[in-house]
Every structure is written in structure tokens, then in C-alpha cells.
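Colleague: I would like to learn how to read a model of this kind with some care. Could we go through a few of its features in turn?

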Amino acid sequence: MRRAENLLRRVDRWVFAPEDARRLAAVRIGLCASLALRLAMTNYGLVAGRRARFQPVFYMTLFHRMPSHEVARALQITGGVAALAAAAGLVLMASLPVAVVCSLILNGMLNSAGRVIVGDAVLTLCLLVLLVCGTAAAEAWSIRGLVRRALRTLRRGPAPEPSSASNPAPSGERYGWPIRTAMIVIALAYFFAGFQKWRYSGLPWVTGDNLRWILYASSENHAHPNELALFIADRPLLAHLFAAGSLLLETCFPLVLFVPRLRWLFISAAVAMHVGIRLALGLDYSAQWLTVVIVFVNWPVVVTWLRRAAGAHVSAPQEAPG
């Protein structure tokens with residue numbers, strides 16, 4: 001009993017540990033910008049207005065038929081503008097819900113056309129976490145903050161730039177739990193993908209020819225043969241290695257929550273896997289791997305490092321020409 005209580009306390013301390021407000025702001029900017037890009041680049045007109053193949057899933061049962069092209073276009077424009085406003089931190093409590101609702105309906109249209117597409121699921125779940133955290137995500141790196149500082153400067157005149165040591169960025173529990181909750185969501189998404197492979201295929205996913213037949217079928221479904229897919233499928237050992245790698249990555253991904261040093265390894269492997277899937281199978285999981293990078297990378301540290309590197313480059317003495 002005590003061990004369970006101690007474990008719960010440790011989990012609670014980890015989830016609610018203080019975090020830099022700028023890191024949560026970076027997650028807001030990255031996720032909302034990814035959503036805006038996704039809405040702008042996806043052709044929802046392919047399924048809009050269909051009547052024969054409307055198979056509503058989950059919340060799409062609220063619709064009696066597939067939304068029309070006009071509705072899809074209005075949702076796409078409204079959602080994209082709202083996502084950009086949320087990325088800038090403008091009226092976050094209104095812009096982010098509007099963007100998420102528009103995205104849910106549009107993605108529901110794609111999933112109600114006879115084929116369930118899960119490429120945006122992780123991005124959507126992390127946006128829902130961001131939505132629950134309220135205004136905390138807009139308290140740094142936002143247009144509102146820039147306007148406030150500009151107005152303050154106009155009233156009082158220019159002031160010397162405060163040092164980071166004397167005036168550190170705000171931090172607290174309210175900035176930490178959304179980031180770590182998003183990490184848990186991503187880790188569980190990969191784990192359950194691996195769990196489903198273990199459940200329905202088991203070791204034959206690695207030792208059998210499942211992946212090879214998937215690659216062959218994908219190549220045949222395209223107008224021109226996919227050379228990468230055929231290259232892997234024609235080499236059984238290579239196909240088995242890729243199948244084992246994907247299963248190992250998905251099953252063990254939750255380790256990134258407990259061993260931070262493994263994050264770069266798993267994040268790089270996840271990006272490589274999704275890029276490989278895109279090249280070999282034509283399935284676009286860019287929203288998922290971008291979400292992984294956005295959530296797990298500590299962007300304030302990256303920005304500080306880039307500033308120091310840029311400052312060192314500028315201050316470096318230049319050699320006189322010989």
C-alpha cells in the first residue's frame with residue numbers, strides 16, 4: 001500500500017512540477033501553427049458533399065449527411081484563421097476552441113468516408129490538453145505581451161534590457177502539467193499502437209510477411225511502382241528488421257517519460273519511421289511526428305543556445321585580409 005502511495009506521489013510531483021511559461025507558449029505556437037498548416041493543405045473537397053459513402057463515426061452521427069463543399073470551405077478558412085490567432089496568443093479562450101471544433105468536423109468528414117485516418121489524432125489530443133489549461137499557454141511569447149511591452153515603453157520611455165538572472169521568465173505548476181500531460185498522451189498513443197500489433201499479430205508481425213505484403217499492395221495501388229517499397233519488400237530480412245524496429249519503438253516509447261536521455265533517440269527514431277512510412281506507403285503522419293518534436297523539445301533552451309551561438313559569432317574577431 002505504501003509503495004503504491006509513494007508511486008502516486010512521485011507521479012504527481014512529476015506531472016505538476018514547475019515549468020517555464022515560455023515552454024508552454026512554444027507548445028502553443030507549434031501545435032496551433034501545425035493545425036493551421038494542416039487545415040490549409042488538406043483537400044477536404046474530396047469527401048465533401050458525398051451521400052453514398054457517408055458512414056458517420058462517433059460525433060459525426062450528429063450530421064444527417066456529409067457537409068457540403070461550402071460548409072467544408074467555411075470551416076477550413078475559419079479554423080485556419082482561428083488556429084493562427086491562437087498561435088499568436090490572441091483571444092486564446094475563443095480562437096483555440098473554434099480552431100479545434102472546425103478541425104474535429106473536417107477530420108470527422110475524412111473518417112466518415114469509409115476509411116478511418118488517425119494521422120491527426122495525436123495533434124488533436126494535445127490541442128485538447130492545451131484547451132483545458134486555459135490562458136496559461138498565452139502568458140508568454142504572444143502578440144498581446146508584445147503590445148503591452150510596446151505601450152509600456154511608449155508611456156515610460158525606453159528602459160535597459162533586464163538580465164535573465166535578475167528578471168527570470170515566470171514558471172509554475174500551471175505551465176508544467178499541460179506539457180507533461182501531452183507527453184503522456186503521445187507516449188500512450190505509440191504504446192497502444194504497438195500493443196495492437198502484439199494483440200492481433202504478435203511475433204508473426206516480425207517473423208511473418210505482413211509488412212512485405214503491405215508494401216507490395218501499396219506499390220500496386222499507385223500509378224507508378226514505389227521503388228522504395230519494392231526494395232524493402234523484395235528483401236525479407238530487411239522487411240523483418242523494419243517490422244521489429246517499429247514494434248520495439250512503439251512498445252518502448254513510454255520510456256521517454258522516465259529516462260529523459262532516451263528522448264533524442266526515440267524522437268529521432270519516430271521521425272525517421274514516419275518519414276519512411278510516407279516514402280514507402282504514401283501515408284502522411286507529418287502531424288504526428290511534428291507534434292512529438294514540438295512537445296518533447298525544450299524550446300526555450302534551444303532559443304537561448306541559438307542566441308548565444310549567434311552572439312559569439314558576431315563578437316568573434318574578424319581576421320584582417322592578408
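Modeller: Let us begin with a loop residue, W141, which counts as partly exposed because its relative accessibility is 33%. W141 is found in the loop between helix 5 (121–132) and helix 6 (143–156), and its phi is near 50°, a positive value in a residue other than glycine.

Colleague: Which residue in the loop between helix 3 (69–87) and helix 4 (92–111) should I look at next?

Modeller: Look at V91 in that loop, where phi is near 45°, again a positive value in a residue other than glycine. V91 counts as exposed, because its relative accessibility is 62%.

Colleague: Before going further, what is the mean pLDDT of the protein chain?

Modeller: This is a predicted model, so confidence is part of the reading, pLDDT being the predictor's confidence in each residue. The mean for the protein chain is 88, with 91% of its residues reaching 70 or more. Over residues 161–167, however, the pLDDT is below 50, and this stretch has one contact in the model beyond near neighbours in sequence.

Colleague: How do I check the length of helix 7 against what its residues should span?

Modeller: One takes 1.5 Å a residue, so that the 28 residues of helix 7 (residues 173–200) should span 40 Å, and the end C-alpha atoms are indeed 40 Å apart, which agrees. Helix 7 is followed by G202, whose phi is positive, near 70°.

Colleague: Which residues of helix 7 are buried?

Modeller: Among them are Y175, I179, R180, M183, I186, Y190 and K197. K197 also lies over the face of W205, at 5.4 Å from the ring centre, while Y190 forms one aromatic cluster with F253, F266 and F296.

Colleague: How many aromatic pairs does the structure hold, and how should I read their geometry?

Modeller: There are eight aromatic pairs, and planes over 60 degrees apart count as edge-to-face. F58 and Y59 form such an edge-to-face pair, 5.6 Å centre to centre with 70° between the planes; F58 counts as exposed because its relative accessibility is 72%, whereas Y59, at 27%, counts as partly exposed. The rings of F192 and F195 have centres 6.4 Å apart and planes at 85°, so this pair is edge-to-face.

Colleague: Where do F192 and F195 lie?

Modeller: An α-helix has 3.6 residues a turn, so residues three or four places apart point the same way. F192 and F195 both lie in helix 7, three residues apart, about one turn of the helix. F192 is partly exposed at 46% relative accessibility, and F195 is partly exposed with a relative accessible area of 40%.

How values were computed: Residues numbered from 1 in each chain as written. Predicted model: local features only at pLDDT ≥ 70, side-chain atom pairs only at ≥ 80, totals over all residues. Heavy atoms only, no water. Helix = DSSP H or I, 4+ residues; strand = E, 2+ residues; numbered from the N terminus. Buried < 20%, exposed > 50% of the residue type's maximum accessible area, 1.4 Å probe, protein only. pLDDT = per-residue confidence, 0-100. Contact = heavy atoms within 4.5 Å. Expected span 1.5 Å × (residues − 1). Phe/Tyr/Trp six-rings, centres within 6.5 Å; stacked < 30°, edge-to-face > 60°. Lys NZ or Arg CZ within 6 Å of the ring centre and 35° of its normal.
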